[in-house]
Amino acid sequence: MDYTTLKWLHILSSTLLFGTGIGTAFYLLRASLGRDPVVVAAVAREVVIADWLFTATTVILQPLTGFWLAHSAGFPLESRWLAWSYGLYGVAIACWLPVLRIQMALRDEAQASARDRLGLSPRYWRLFRLWFALGIPAFVAFLAVFYLMVAKPA
């Protein structure tokens, strides 16, 4: 595979990874703040699907194309900026893995509330706060990785 194609795949997968994360987080946040279990259940269902389709695949593709790209460009794989990228990516993924399970639980809680014609449960709100809290370090870590990918500081 030529360098330009590899770089395009890496940039495309990072865009899908970050864009899906921001988009789904925005919609689940807005739906949750609206407090309508029917709306939250519908949005959460789509968020879970999007995470499995886009985020899960790009979580795997990102490091593969990144290592291959760095190697193809002749960057030493132990460069400081790459080491920081690996660590920050690890932080983001360590936050995302429980978030995926939390989103499925949020979906299930909202569906139960909608079915029973109740407000969102206290368990929903506990999970929601944890989901939100895990999103902050993941977001910051991904922003830092984007910076490192572009700047490649020594």
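Helix 1 (3–34) and helix 2 (37–73) each put at least two residues into a nonpolar surface patch; helices here are DSSP runs of H or I with at least four residues, numbered from the N terminus. The patch covers about 560 Å² and is built from Trp8, Leu12, Leu16, Ile49, Leu53 and Phe54. To join a patch, a residue needs over 30% relative accessible area and no salt bridge, and nonpolar side chains are linked within 5 Å. A salt bridge means a side-chain nitrogen of Lys or Arg within 4 Å of a carboxyl oxygen of Asp or Glu. Areas come from Shrake-Rupley with a 1.4 Å probe.

Keep in mind that this is a predicted model, where local features need pLDDT of at least 70, side-chain atom pairs need 80 or more, and totals for chains, interfaces and linings use all residues. Numbering runs from 1 along each chain as its sequence is written, and side-chain values use heavy atoms, with hydrogens and water left out.

Ile49 sits in helix 2. Its relative accessible area is 39%, so Ile49 counts as partly exposed, the class between buried (under 20%) and exposed (over 50%).

Now for the whole chain. It has four helices and zero strands, in the order α-α-α-α.

| Property of the protein chain | Value |
|---|---|
| C-alpha span along principal axes | about 60 × 25 × 20 Å |
| Buried share of the 154 residues | 40% |
| Exposed area | about 8,800 Å² |
| Carbon and sulfur share of that area | 71% |

On to the inside. The largest nonpolar core holds 38 residues, and Leu28, Leu106, Tyr124, Trp131 and Phe142 have the most contacts inside it. Helix 1, helix 2, helix 3 (80–115) and helix 4 (122–151) each supply at least two of its residues, with helix 3 giving the most, 14. A core like this is a set of buried Ala, Val, Leu, Ile, Met, Phe, Trp, Tyr and Cys residues joined through side-chain atoms within 4.5 Å.

Tyr124 makes contact (heavy atoms within 4.5 Å) with Leu28, Ser32, Val40, Leu106, Glu109 and Ala110, leaving aside neighbours within four places in sequence.

Back to helix 1. Its buried residues include Leu6, His10, Phe18, Leu28 and Ser32, and their cover includes helix 2, helix 3 and helix 4. At 1.5 Å a residue, its 32 residues should span 46 Å, and the end C-alpha atoms are 46 Å apart, so the two agree; the expected span is 1.5 Å times one less than the number of residues. Helix 1 is followed by Arg35, with a positive phi near 65 degrees.

Terms used
Patches are made of residues with over 30% relative accessible area and no salt bridge: like charges are joined within 9 Å, nonpolar side chains (Val, Leu, Ile, Met, Phe, Trp, Tyr) within 5 Å. Buried means under 20% relative accessible area, exposed over 50%, partly exposed in between (1.4 Å probe, protein chains only).
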